[in-house]
Amino acid sequence: MLAVDGITVRFGGITALDGVAFTVEPGTAVGLIGPNGAGKTTLFNCLTRRCTPDAGTVQFEGEDLLALPPHAVAGRGIARTFQNLGLFPQLTVRENVMVGAHGRGRTGHLAAALRLPRVRREERELRDQADDLLRRLELADVADHPASGLPFGTLKRVELARALAVRPRLLLLDEPVNGLSHGEVGQFADLVRSVRQDFALTLVVVEHHMGFVMDLCDKVVCLDFGRKIAEGSPEEIQRDPAVVEAYLGVAA
C-alpha cells in the first residue's frame, strides 16, 4: 500500500531524515520508533505533504504521493492524528469531527454562500455521520461541548474520530497515547484494535510507549538520527542490539 524509498530531509545543516526506506502492506500495522529527534514526525509530515523531502519517493497504492498538493492527500484515503492535538478548541466535539469529513463535501463555495437546499442536506448527512462516529467512540455525551476544557484522554478520542471521518484506508497515528495514564493506554489500545478491524484500516504508528507498539504492530521500524537502524517483527526489534543501544546507550 505504501512504499517509502530514500526519503531525505534537511533543515539547513541538520539532516532530519537520511535515506529512509520501508514498505507497508495493506491491512497491517507498522510502528515507527526511535529516540526524540530521530525524524519520526518529520516522516509523517512528508507522508501528509506538510513537508517536501529533498530526495526520495513515496508511493501510495502505486501513485506518486509527493506529486500531490497537500489538500489532496485526505481525498486519496490518508488521515492522521497529531502529536500535539490539532483540534479547534472553540468548536464543539461534533464540529471538530465534521471538519474531518469536509473534504468529502460535494457543494462549492457559491452554493454554500447561498445556503442552497443541497448544502443543508449535505450538512445534515455529515452531521449524522459524525454522530455515528461519536457513538462508536463513546463521545456522544460530549458532542455539543467545546473541545477546550475536556480531559486529555477524551480529546485523544475526538482526534481519532475526526481522522476516521475522512474515511481513510491508511491511518497515521502520531504518539496516540502520549500523556495518557497507564489505564488509559490500555483502553486506547483496545479502541485502536477495534476500529482497525471495523474500518479495515492500515496503520502507521509513531509512539514511544513500547508496550503499545509491540502489542499492536505487525512490523516495527526503528529510526535514530534520521536513519533506519532496524526493521522487523516486534520480537526481533526488542532483541536488536542497535535498537537497545539507541534507547539505552552503551556502557562507558
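Strands, labelled β, are DSSP runs (E) of at least two residues, numbered from the N terminus. The views below show parts of a predicted model.

**View 1. Asp224, a buried acidic residue in strand β9.** D224 is located in strand β9. What is the nearest side chain of opposite charge to D224, and how far away is it? That side chain is K40, at 8.6 Å. A salt bridge needs a side-chain nitrogen of Lys or Arg within 4 Å of a carboxyl oxygen of Asp or Glu, and D224 has none although it is buried. Leaving aside residues up to four places away in sequence, D224 touches P35, A38, I229 and A246.

**View 2. The salt bridge between D218 and R196.** Side chains of opposite charge can pair when their charged atoms come close. Here D218 and R196 meet at 2.9 Å, N to O. The pair links distant parts of the chain: D218 sits in the loop between α7 (210-216) and β9 (219-224), R196 sits in helix α6 (residues 182-198), and the two are 22 residues apart. Are these two residues buried or partly exposed? D218 counts as partly exposed because its relative accessibility is 41%, whereas R196, at 17%, counts as buried.

**View 3. The salt bridge between R76 and E63.** The closest N and O atoms of R76 and E63 are 3.0 Å apart. R76 lies in the loop between β5 (63-64) and β6 (78-80) and E63 lies in strand β5, so the salt bridge ties together parts that are 13 residues apart in sequence. R76 has a relative accessible area of 31% and is therefore partly exposed. E63 is also partly exposed, with a value of 29%.

**View 4. A salt bridge within helix α4, between R135 and D132.** In this pair the closest N and O atoms are 2.3 Å apart. R135 and D132 are three residues apart in helix α4, so about one helical turn separates them. D132 is partly exposed, at 43% relative accessibility.

**View 5. A network of salt bridges.** R94, D131 and D144 are linked in this network. The structure holds 13 salt bridges.

**View 6. A patch of positive charge on the surface.** Which residues gather in this patch? They are R118, R120, R121 and R124. One of them, R121, belongs to helix α4 (residues 117-136). R121 counts as partly exposed because its relative accessibility is 42%.

**View 7. A nonpolar patch on the surface.** V244, Y247 and L248 make this patch, which covers about 290 Å². L248 is part of helix α9 (residues 241-248). With a relative accessible area of 72%, L248 is exposed.

**View 8. The surroundings of R157 in helix α5.** Helix α5 spans residues 152-165 and includes R157. Which residues does R157 touch, not counting residues up to four places away in sequence? The contacts are with L137, E138, L139, F188 and L191. R157 and P176 are 19 residues apart in sequence, and their C-alpha atoms are 9.2 Å apart in space.

Definitions and conventions
Residues are numbered from 1 along each chain as its sequence is written. This is a predicted model: local features need pLDDT of at least 70, side-chain atom pairs count only at pLDDT 80 or more; totals for chains, interfaces and linings use all residues. Side-chain values use heavy atoms; hydrogens and water are left out. Patches are made of residues with over 30% relative accessible area and no salt bridge: like charges are joined within 9 Å, nonpolar side chains (Val, Leu, Ile, Met, Phe, Trp, Tyr) within 5 Å. Accessible areas come from the Shrake-Rupley method with a 1.4 Å probe; for residues, only the protein chains shown count as cover. Lys and Arg count as positive and Asp and Glu as negative; His and the chain ends are not counted. The place of a charge is taken as NZ of Lys, CZ of Arg, CG of Asp or CD of Glu. Helices (H or I, at least four residues) and strands (E, at least two) are DSSP runs, numbered from the N terminus. Buried means under 20% relative accessible area, exposed over 50%, partly exposed in between (1.4 Å probe, protein chains only). Contact means heavy atoms within 4.5 Å.
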